[in-house]
Amino acid sequence: MNKVIKPIERLRGEIDLPGDKSISHRVVFIGGVSKGKTTGKNFLNAEDCMRTVSAFRSMGTDIELKGKNIAITGKGLNGLRKPDTELYLGNSGTTMRILPGILAGQDFNVTLTGDESLSKRPMERIIEPLKKMGADINSKNNDGFPPLVIKGSGVRPVKYSTKVASAQVKSSILFAGLYADGVTSVTEPFRSRDHTERMLDFCGAKISRSALTASVEGKHELSGKEIFIPGDISSAAFFIAACCLLEGSDATIRNIGLNATRTGFLNVLKRMGADISIKNKKDAVEPYGDIRIKHARLKPTVVKENEIPLLIDEVPILAVIASSAEGKSVIEGISELRLKETDRVLSMTENLKRMGVDIGSDKKKIFIRGKKHRFKKADLKSFGDHRTAMAMYVAALASDGTSTIDDIDCVNTSFPQFFDILSYLASQ
Ligand code: S3P
């Protein structure tokens, strides 16, 4: 569906947001292989997380979803059963990369398929380490892309260093490690989000961690727990950005996840001069608190490669913000951006150019020469990618006229409530 976007003046008010996507997935992964009941409060009922829910239901897991509350009754590490059909995972890269770690430890065969975009996303990064663990996992067409065929055959421990900092790869290996007789370790070049480690620890796994390495001792059962899923900071980022861009904005987003492996975006904005304050911080398995954001004039910045994993999903909206900060901003270490739901370097440069932004890229960096102005109205393209769509939607809200964007339904991948929450904040 195409959507018309009219500029707005400012955002105001207080909101809560649906649960974090990464954490919601993990509640199902971990609940599905724990013994007993796992409950998640504030579960994200969006397409991606529902792919994980459906996959586990197809493998015999009892999952009840009532509003924002999810309850999963797990039967332990080996309590899953062979699904009757292939498992279709839609657009969900997180499910396609993490689930094979669990499937490698089962004693049945499964084929995982995805939509057009997911079928073009590289899987060698999980195939290689899982094979090293003895798993029988292959790309069906031998091209390194989905469909993936996993023949449950048991796994052995591994010490593995990943080439890229990826929480999906790390998690896949750690989940497989739960089934291996001994200690499995993953070392990353930079720190990536650590939701899997935190939740495994909470649910009784024998896990240890240092700066860049996570290790798990296999063959220990996990037990179901009660978990609060904080609001998704990657979704909050769109409203935070709109507040930065629109004069007179002042909004508070309550109960947002503040895990330090996810707050890179806030750190970058703060050094750009953003007016952000955090209140009511609570320490839990996943820390959270309230973020208040007021409009402020921002300075350009350089984002370094080691910061990228801490804000990987926020790069599209960061490019929008940098476009209105007067001077030259550079975003380094962008190669992973090209491998997301779409090539986000291409999608963002093409769209922002349409809006009159001086933006370019090379293999490793995005360069933006920002100007303090309203964006030029334009006909924008989502490229079927939820984060490109929402980032450009925000740019269009801060533009000089009516814009359009195509294929907006992709927002449902991670944030179906985006438009309602935006209308609320714009009307206060
Ligand atoms: C995710 C990790 C990130 C992120 C994705 C969710 C996760 O991917 O981009 O949206 O839940 O583990 P990578 O691990 O590929 O960086």
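The following dialogue introduces a predicted model and the ligand it holds.

Biologist: Which element gives the most residues to the shell around the ligand?

Modeller: The ligand is surrounded by residues that include Lys21, Ser22, Arg26, Thr94, Arg97 and Gln168. The elements that give two or more residues to this shell are helix H1 (21-33), helix H3 (93-103) and helix H5 (167-177). The one that gives the most, with three residues, is H1.

Biologist: How many charged residues does the shell around the ligand have?

Modeller: Among the residues that surround the ligand are Arg193, Asp313 and Lys340. By class, the shell has two nonpolar and four polar residues, and its charged residues number six.

Biologist: What share of the ligand's exposed area does the protein bury?

Modeller: Polar side-chain atoms approach oxygen atoms of the ligand: one of Ser166 lies at 2.7 Å, one of Asp313 at 2.6 Å, and one of Lys340 at 2.8 Å. Taken alone, the ligand exposes 380 Å², and the share of this area that the protein buries is 95%.

Biologist: Why does the ligand lie between two domains, and which are they?

Modeller: The space taken by the ligand is the largest pocket. Residues of the shell around the ligand come from both domains, so the ligand lies between domain 1 (3-18 + 230-427) and domain 2 (21-228).

Biologist: Which residues does a cis peptide bond join?

Modeller: Most peptide bonds are trans. In the loop between strand S8 (136-139) and strand S9 (148-151) lies Pro147. With omega at about 0 degrees, the cis bond joins Pro146 and Pro147.

Biologist: What is the phi of Asn42?

Modeller: Most residues other than glycine have a negative phi. Asn42 lies in the loop between strand S3 (34-41) and helix H2 (47-58). Asn42 is a residue other than glycine with a positive phi, near 75 degrees.

Key. Residues are numbered from 1 along each chain as its sequence is written. This is a predicted model: local features need pLDDT of at least 70, side-chain atom pairs count only at pLDDT 80 or more; totals for chains, interfaces and linings use all residues. Side-chain values use heavy atoms; hydrogens and water are left out. A residue is near a molecule or strand if one of its heavy atoms lies within 4 Å of it. A polar contact is a pair of N or O atoms within 3.5 Å; within protein, one must be able to donate a hydrogen and the other to accept it, and residues adjacent in sequence count only if both atoms are side-chain atoms. Accessible areas come from the Shrake-Rupley method with a 1.4 Å probe; for residues, only the protein chains shown count as cover. On a 1 Å grid over the protein atoms alone, a cavity is a set of points where a 1.4 Å probe fits but cannot get out, and a pocket is an open set with protein on both sides within 12 Å along at least five of seven lines; lining residues have an atom within 4 Å of a point. A molecule sits in a cavity or pocket if more than half of its atoms lie within 2 Å of its grid points. Helices (H or I, at least four residues) and strands (E, at least two) are DSSP runs, numbered from the N terminus. Ala, Val, Leu, Ile, Met, Phe, Trp, Tyr, Cys and Pro count as nonpolar, Asp, Glu, Lys and Arg as charged, and the others, Gly among them, as polar. Domain bounds come from an automatic or database domain assignment.
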